[in-house]
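Visitor: I have a structure to walk through. Can you take my questions one at a time?

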Amino acid sequence: MRISLEWLAEYVDLDLADQTLPERLAGGLLMSGIEAEVINRPGEWMERLIVAEVLSAEKHSNADKLKICRVHDGTEERGIVCGAPNVAAGQKVVLAPPGAVLPGGMEIKVARIRGEESQGMLCSERELGIGHDHSGIIVLDPDSERGEPAAPVLGLDDVVFEISVTPNRGDCLSVLGVAREVAALIENPLKLPVPDLKEEAGEMADSLCGVKILDPDKCPRYVARVIRGVRIGPSPGWMQRRLRAAGIRPINNIVDITNYVMLSLGQPLHGFDLDKLAERRIVVRRWRREDGPFTTLDGQERKLEEDDLMICDAERPVAIGGVMGGSNSEISDATGDILLESAYFSPSTIRSTRRRLNISTEASFRFERGVDPSGALRAADWAAQLIRQYGGGRIAEGAVDVHPAPAAPIRLSLRPERVSKILGAEIGTSEIRRALESIGMSVLDSEDGRLEVEVPVFRHDIDREIDLIEEIARRWGYEKFPSSLPATASPPVPQPLPRRLEKEVREAMISAGFFEVLNYSFVGRSGLERLGHAGEDMVPLQNPLSAEMDVMRTTLLAGLIENAAMNLNRGAGDLRLFEIGRTFHRNPGEKLPIEVRRIAALMSDASPDVLWPGGRAPGGEEVLPARLFDLKGALERMGRQIRLPGFGFVPLEGETSPFDPNEAARVMIGDLWLGTIGGLKKAVLEAWGVKQSLFAFELDIEALGRAGSLPQRLQAVPRFPATLRDLAIVVKKEVTNATVEELLRRIGGEWLESVVLFDIYRDAAFIGSREKSLAYSLVFRCLDRTLNDEEVDRVFWEIVRSLESQLGARLRS
């Protein structure tokens with residue numbers, strides 16, 4: 001939300017000449033829980049922008065959508081080629097002459113466009129960075145002077161705060177709300193606007209229109225004001241400047257006034273053409289099936305449900321309550337009589353309708369966070385006064401104020417000693433009283449030493465004693481609280497195993513060069529089905545955010561593949577991603593699903609050409625991608641870092657899986673299945689539009705915990721040298737590395753320090769099509785003496801004989 005300093009000064013006395021004021025206010029608001037994210041001074045870069053008058057706008061002879069304009073900048077005439085459809089003679093516009101620099105760094109230069117010289121640019125809101133509208137140029141107040149700086153005319157010579165408000169502070173979504181906080185901060189009185197109505201005697205509002213609320217739970221209050229004989233036209237320049245500073249495009253006097261009052265007081269308003277309302281009546285009720293679809297002001301047809309609140313006339317809906325008006329009752333240039341709506345709607349009602357229809361408006365943003373129920377009449381009165389002042393017309397006497405369930409301030413009991421105990425600082429009763437009264441609360445003494453606090457109705461977020469204590473902390477100043485460690489006689493509680501294991505796994509993956517991602521737990525059913533996950537295992541959502549997020553995830557791979565596809569499509573090459581999170585599985589007979597903590601990692605593949613030209617080994621055999629071994633290495637490294645027993649890898653057999661069975665394996669520790677590692681199937685990759693190979697693993701973290709951890713042992717640096725032997729054997733294709741390694745370690749005994757597989761070789765011509773060669777590096781060492789060659793040879797040849805007898809292996813010649 002944008003608020004200008006000048007506008008704020010209307011509600012609380014500020015020294016606008018103080019150059020340090022914006023920074024001091026921003027700092028003070030931040031310490032009280034309201035963040036001024038950005039302090040904009042747009043006038044600083046707009047010095048070269050000036051007001052110009054369009055003298056003529058003729059069609060370009062060489063372009064259908066361009067016009068050749070003659071403009072006067074107060075000093076001279078110049079020609080400008082302009083593509084805006086709304087440019088016309090007589091307009092006052094914003095001119096960026098040659099040499100001006102616009103937001104984004106674009107410098108305006110003299111240019112020749114379709115054969116015509118253009119000496120500058122006529123600017124739209126988007127080009128100036130003050131809005132999103134690019135449909136036409138900005139048209140200024142006709143009273144603006146040619147040649148004067150454009151920044152003051154646009155209201156951009158002021159300091160503009162971009163305020164970030166938490167969802168519970170709907171009362172701060174207005175200039176008045178922020179001014180209330182500023183007034184408490186600098187201890188100046190708050191100045192409330194007081195409408196000065198001039199009603200026309202004899203013309204009663206309740207004789208010109210009627211209001212009936214059929215659903216008071218969703219709409220506890222509805223105020224209607226009637227203004228007759230209004231003239232539609234532009235709003236005054238000062239109002240347009242403030243709206244632009246707040247990021248809202250001026251439209252006409254009626255719409256601008258309703259927007260201005262909403263930004264000022266936080267109360268959304270809506271104007272209806274009274275003559276378009278059947279029987280000149282307003283009926284607030286829920287949507288009915290016979291109402292059919294509804295077309296909103298933006299021209300979109302909306303499909304509604306029976307829980308949606310509608311503003312209707314005697315025959316049909318004319319607005320979606322609190323969200324957007326309808327095209328069938330909108331104000332036009334021909335409108336003479338206006339019914340002005342100022343209402344209070346239930347926040348949950350507006351939130352539900354807005355989310356389902358995917359509409360977000362300034363009105364719905366405020367209603368769903370809660371507006372001031374007591375401020376509806378004040379806002380309607382002020383808007384009516386402004387309409388009469390800047391649009392003419394007559395204000396009918398009285399307002400139709402239907403209020404079935406008036407909101408009353410709540411009273412809370414506050415214990416001063418409780419305040420000091422909770423906040424850890426001695427805060428006296430007088431300081432408590434001053435802090436609460438500064439933000440509009442009434443504080444009374446009671447007989448038992450407690451304070452009775454009356455909370456105004458605009459503070460929806462306060463309904464408990466602890467909420468009052470939080471307000472006192474904000475006003476007293478967070479920076480004043482002393483810092484101290486909590487006193488406790490208990491030793492620190494050791495971290496639970498699952499949490500510790502998760503932390504260690506995360507650190508291991510990051511140290512291996514992987515980047516952690518966080519994805520939604522909601523995914524699309526179709527994505528899980530592509531990965532081979534059965535529908536009966538999925539947990540559907542009753543109220544999904546979208547059709548693409550309609551079930552809870554049963555695997556982390558769907559999100560990782562989506563991340564990879566997005567990054568690869570944007571030119572990212574070497575991807576190393578991982579995620580730690582929960583998967584959810586249907587639990588028959590139970591309300592809640594089964595939740596499993598998992599880790600999944602994914603790597604993208606470089607072409608096999610990196611290692612082998614054409615992707616094949618010299619013998620013509622296809623080469624398993626290097627990335628698969630990189631990923632396996634990262635997994636094994638992770639296992640060593642968290643002190644797990646060694647992983648085993650068992651080929652996949654007859655399983656429904658997203659992994660290619662020729663490039664995948666189960667990850668095991670003994671008989672415990674932890675998960676799967678391998679390359680993803682081409683069909684899976686094509687479903688996500690991925691054109692290169694991806695490799696992944698997914699493990700059950702809880703299963704990792706059940707596998708146990710190896711004890712940490714400290715071992716001295718070896719004092720005696722090692723003896724190395726290389727061993728190359730030929731075995732049948734189905735013999736796995738794990739089987740060979742197990743035999744090597746068993747026969748090698750305690751002298752065999754390490755076994756490393758460094759080569760796999762296949763060649764049908766030299767070895768045979770049904771065999772492969774495995775080459776190992778063996779390290780022998782004794783911790784208390786030096787082994788001689790005879791001792792090492794004896795063990796080595798015992799290993800060779802065991803390989804021949806037990807696995808049918810032979811030495812490779």
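Guide: Happy to, and note that this is a predicted model. One bridge makes a good start: Lys-732 has its bridge partner in β39. That partner is Glu-771.

Visitor: How many bridges pair strand β37 with strand β39, and in which sense do they run?
Guide: β37 covers residues 723–732, and β39 covers residues 771–780. Their pairing is antiparallel. The count of bridges is 10.

Visitor: Which residue is the bridge partner of Val-730 in β40?
Guide: β37 is also joined to β40, residues 810–811. Those two strands run antiparallel, with 2 bridges. For Val-730, the partner in β40 is Arg-810.

Visitor: Is Lys-733 buried, partly exposed or exposed?
Guide: Lys-733 sits in the loop between β37 and α21 (737–748). Leaving aside neighbours within four places in sequence, it contacts Ser-769, Arg-770, Glu-771 and Lys-772. Its relative accessibility is 42%, and the middle class runs from 20% to 50%, so Lys-733 counts as partly exposed.

Visitor: How far apart in space are Lys-733 and Asp-308?
Guide: In sequence, 425 residues separate Lys-733 and Asp-308. In space, C-alpha to C-alpha, the distance is 67 Å.

Visitor: What is the strand order in the open sheet of 7 strands?
Guide: The pairing in this sheet is mixed. β27 (515–516) and β33 (648–651) stand at the edges. Each has a single partner strand, so one side of each has no neighbour in the sheet. The order is β27-β31-β32-β36-β35-β34-β33.

Visitor: Which residue in β36 stands opposite Ile-599?
Guide: Strand β32 (residues 594–604) pairs with strand β36 (residues 694–700). The sense is antiparallel, over 7 bridges. Opposite Ile-599 stands Leu-699.

Visitor: What angle does the direction of helix α15 make with that of β31?
Guide: Helix α15 (residues 497–511) packs on this sheet. It touches β27, β31 (576–585), β32 and β36. Its direction and that of β31 make an angle of about 150°.

Visitor: And what angle does the direction of helix α17 make with that of β32?
Guide: Helix α17 (residues 557–569) packs on the sheet too. It touches β31, β32, β34 (659–669), β35 (672–680) and β36. With β32, the angle is about 30°.

Visitor: Which strands stand at the edges of the open sheet of 5 strands?
Guide: The order there is β12-β15-β18-β19-β20, with mixed pairing. An edge strand here has a single partner, so one side is left without a neighbour in the sheet. The edges are β12 (210–213) and β20 (324–325).

Visitor: Which residue in β20 stands opposite Ile-320?
Guide: Strand β19 (residues 317–320) is joined to β20 by 2 bridges. The two run antiparallel. Opposite Ile-320 is Met-324.

Visitor: Are α2 and α5 roughly parallel or roughly perpendicular?
Guide: The axes of helix α2 (residues 21–31) and α5 come within 10 Å. They cross at roughly 100°. Angles of 65 to 115 degrees set the class, so α2 and α5 are roughly perpendicular.

Visitor: How many nonpolar residues does the contact of α2 with α5 have?
Guide: From α2 come Leu-25, Gly-28 and Leu-29. They meet Val-178, Glu-181, Val-182, Leu-185 and Ile-186 in α5. By class there are 1 charged, 1 polar and, for nonpolar, 6.

Visitor: Which side chain joins that of Asp-171 in a polar contact of 2.8 Å?
Guide: Asp-171 lies in the loop between β10 (160–164) and α5 (175–186). Its relative accessible area is 10%, so Asp-171 is buried. Beyond four places in sequence, its contacts include Gly-177, Arg-180 and Phe-458. The polar contact is with Arg-169.

Visitor: What is the phi of Asn-358?
Guide: Asn-358 is in the loop between α9 (347–357) and α10 (362–367). It is exposed, with a relative accessible area of 69%. Most residues other than glycine have a negative phi. Asn-358 has a positive one, near 60°.

Visitor: And what is the phi of Arg-114?
Guide: Arg-114 lies in the loop between β7 (111–113) and β8 (116–118). It is not a glycine, yet its phi is positive, at about 50°.

Methods: Residues numbered from 1 in each chain as written. Predicted model: local features only at pLDDT ≥ 70, side-chain atom pairs only at ≥ 80, totals over all residues. Heavy atoms only, no water. Pairing = 2+ DSSP bridges. Helix = DSSP H or I, 4+ residues; strand = E, 2+ residues; numbered from the N terminus. Buried < 20%, exposed > 50% of the residue type's maximum accessible area, 1.4 Å probe, protein only. Polar contact = N/O pair within 3.5 Å; in protein donor to acceptor, adjacent residues only side chain to side chain. Contact = heavy atoms within 4.5 Å. Axes fitted to C-alpha atoms, helices over the stretch in contact; angles between N-to-C directions. Parallel < 35°, antiparallel > 145°, perpendicular 65-115°, else oblique. Nonpolar A, V, L, I, M, F, W, Y, C, P; charged D, E, K, R; others polar.
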